[in-house]
Each structure stands twice: as C-alpha cells, then as structure tokens.
Amino acid sequence: MHILVSNDDGYRAPGIAALAKAMRRFGRVTIVAPDHNHSGASNSLTLNRPLTVEHMPGDDLYVVSGTPSDCVHVALTGLLDEKPDLVVSGINCGANMGDDTMYSGTVAAAIEGYLFGIPSIAFSQIDKGWAELESAAEVAGVVVEKFLPQIREKREAVLLNVNMPNMPREALQGIRATRLGRRSSAESVIREMSPRGFPIYWLGAAGKPADAAEGTDFWATSHGFVSVTPLQTDLTNHRQVGEAARWFDSDSLAGNR
C-alpha cells in the first residue's frame, strides 16, 4: 500500500511527522507538504505563479511552495510515479468541525485526494499545542486500520473528517460516527492602526457552537469521543432545485431579447 501524507501546518509541523510515522506500518509513505503554514487556505489552488518542489535528500518528503490543495494536486498529476491508495492529511493543530471544514486547509488536502477518486482522511486534534500527539497518532492508526477493509469492499472513494480530543488513548470513550455541527457567526473584526497610520483588521474568533446536539462532531468530542464524519463535495441543495425552477421559468429572459 502507498499512502500520501499532507497537511496545512507545513512540513516542519510535529503533527505531520507523527501521522507519517503511524502510517508507515501500513506500507510506503510519501509526504508532500507546504513549505509554511496555510491554515484557513480552504481549497485554494495557486494559479498566478509557478510552484517549486524541493525533494529533501534521504527521505520521501517533498516540500511545495503552495497550498495544501496544491500539494496533493501536484502529487497526483505528475510528481508521483503511481497513484497512491490512500491520502491522509494532518494531524492538524486545532479542531476542524462544523463550519470550520469549509475553511480548513487540512480538510482541503483530503478533499483534493477524494476529487481524484482516492479514499482520503483528514485528522485534527481538538485543542492547539500538540498535547497528547502520540495518542492522536495511535488513534489515526486505528481509524485507518478499521477503514482499509471498507476501502477494499466498497471500491469507491470515501472522504472522512476525523477530530480527536487531546487525551491519552486509554481515556477516550471510543469512536463515534457523526454529522457536522454548526457554529454561530464569527466574532467582530478587531480594528487597529498600523505603525504607518492606516487601519488594519484582524478577523475575529470563530463563533461558539450553535448546533452541538448529540450526533454532532461538537457533542462527540466534548464527551471524550473521537469524531468521524463522512463528507461529500456535492454542494447542490437538491431539495431546492425544483423550487428554483419555479423562480426562473423558460420566459425569464424574454424581456431582454
């Protein structure tokens, strides 16, 4: 088995080293990661400049001057000689739950693998600071071990978002399949004056959970469970397609002719 590992915290982050180490028991590991932190990059691709790729000597590590999505995209469209069997991303320093998944570079790297038809998993720790990282890496190994038979049986790509409390493995309550929760709106921006006399703005903190009911990722992790959320990339609101068809009938543009 060949596993591609990426992240959004950059190739020097402790989380990616721990994840790669945990994955090596399943087969060959190749790391393709950003040259610096790209948290919040979402699914952005670099289209306005060329990317550089540096192969670190003596290791299956490639450092890319781009986003997490760039890393996986480059790996799958020419950098690697063969298509990997699995893409894993992380371990991220901080949670990617609820609405966070829309902004997450960690999740985006996994999504890029999924878009190429490869089973993919994003791994994140709930709290920042890397506490209990070894435990998180062990949990990631368990998730992959349980996931591999499903990959072989389903023979189709699956995308998982995994969030792990910063707790010793023996203190965790188990693994729960969850849905995404929802956050309240983000807090207001913080306005400051730059040293040169013009206003600058810091984005405010993420909103507090608005939907943390049982069954959500927020509920699971707050109760000591590892949260595993299957994701999809189809953003179509299928329920409203018929309704939208009534808004725009076949003569909607008749007056512009």
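Biologist: In which loop does Trp 130 have its place?
Modeller: The model is a predicted one, in which local features need pLDDT of at least 70 and side-chain atom pairs count only at pLDDT 80 or more, while totals for chains, interfaces and linings use all residues. Residues are numbered from 1 along each chain as its sequence is written, and side-chain values use heavy atoms, with hydrogens and water left out. Helices (H or I, at least four residues) and strands (E, at least two) are DSSP runs, numbered from the N terminus. On that numbering, Trp 130 lies in the loop between strand 6 (120-125) and helix 4 (133-154).

Biologist: What is the phi of Trp 130, and is the residue buried, partly exposed or exposed?
Modeller: Trp 130 has a positive phi, near 70°, in a residue other than glycine. Buried means under 20% relative accessible area, exposed over 50%, and partly exposed in between (1.4 Å probe, protein chains only). At 21% relative accessibility, Trp 130 therefore counts as partly exposed.

Biologist: Which peptide bond is cis?
Modeller: The bond has an omega near -10°. Ile 91, one of its two residues, is found in strand 5 (residues 86-93). The cis bond runs from Gly 90 to Ile 91.

Biologist: How many disulfides does the count come to?
Modeller: A disulfide is a pair of cysteine sulfur atoms within 2.5 Å. The sulfur of Cys 71 is too far for a bond, because the closest cysteine sulfur, in Cys 93, is 18 Å away. Cys 71 is buried at 0% relative accessibility, and Cys 93 is buried at 14%. By this rule the number of disulfides is 0.

Biologist: Which residue forms a salt bridge with Arg 25?
Modeller: A salt bridge is a side-chain nitrogen of Lys or Arg within 4 Å of a carboxyl oxygen of Asp or Glu, and the structure holds 5 of them. In the bridge of Arg 25 with Glu 145, the closest N and O atoms are 3.7 Å apart. This pair links distant parts of the chain, 120 residues apart, with Arg 25 in the loop between helix 1 (14-23) and strand 2 and its partner in helix 4. Arg 25 is exposed, with a relative accessible area of 53%, and the partner, partly exposed at 43%, is Glu 145.

Biologist: How far apart are the closest N and O atoms of Glu 82 and Arg 28?
Modeller: Glu 82 is partly exposed, with a relative accessible area of 41%, and Arg 28 is partly exposed at 40%. The two residues form a salt bridge, and their closest N and O atoms are separated by 2.5 Å.

Biologist: Which residue in strand 11 is the bridge partner of Glu 192?
Modeller: Two strands pair if DSSP finds at least two bridges between them. Strand 10 and strand 11 (residues 199-202) run antiparallel and are joined by 4 bridges. They form a hairpin with 5 residues between them, and Gly 197 in the turn has a positive phi of about 95°. Within this pairing, the partner of Glu 192 is Ile 200.

Biologist: Which residues does the UniProt domain annotation cover?
Modeller: The unreviewed UniProt entry carries the annotation "domain: Survival protein SurE-like phosphatase/nucleotidase"; UniProt positions are given in the numbering used here, feature names are shortened, and annotations may be inferred rather than shown by experiment. Over the annotated range the chain is 30% helix and 25% strand, and the end C-alpha atoms are 37 Å apart. The annotation covers residues 3-185.
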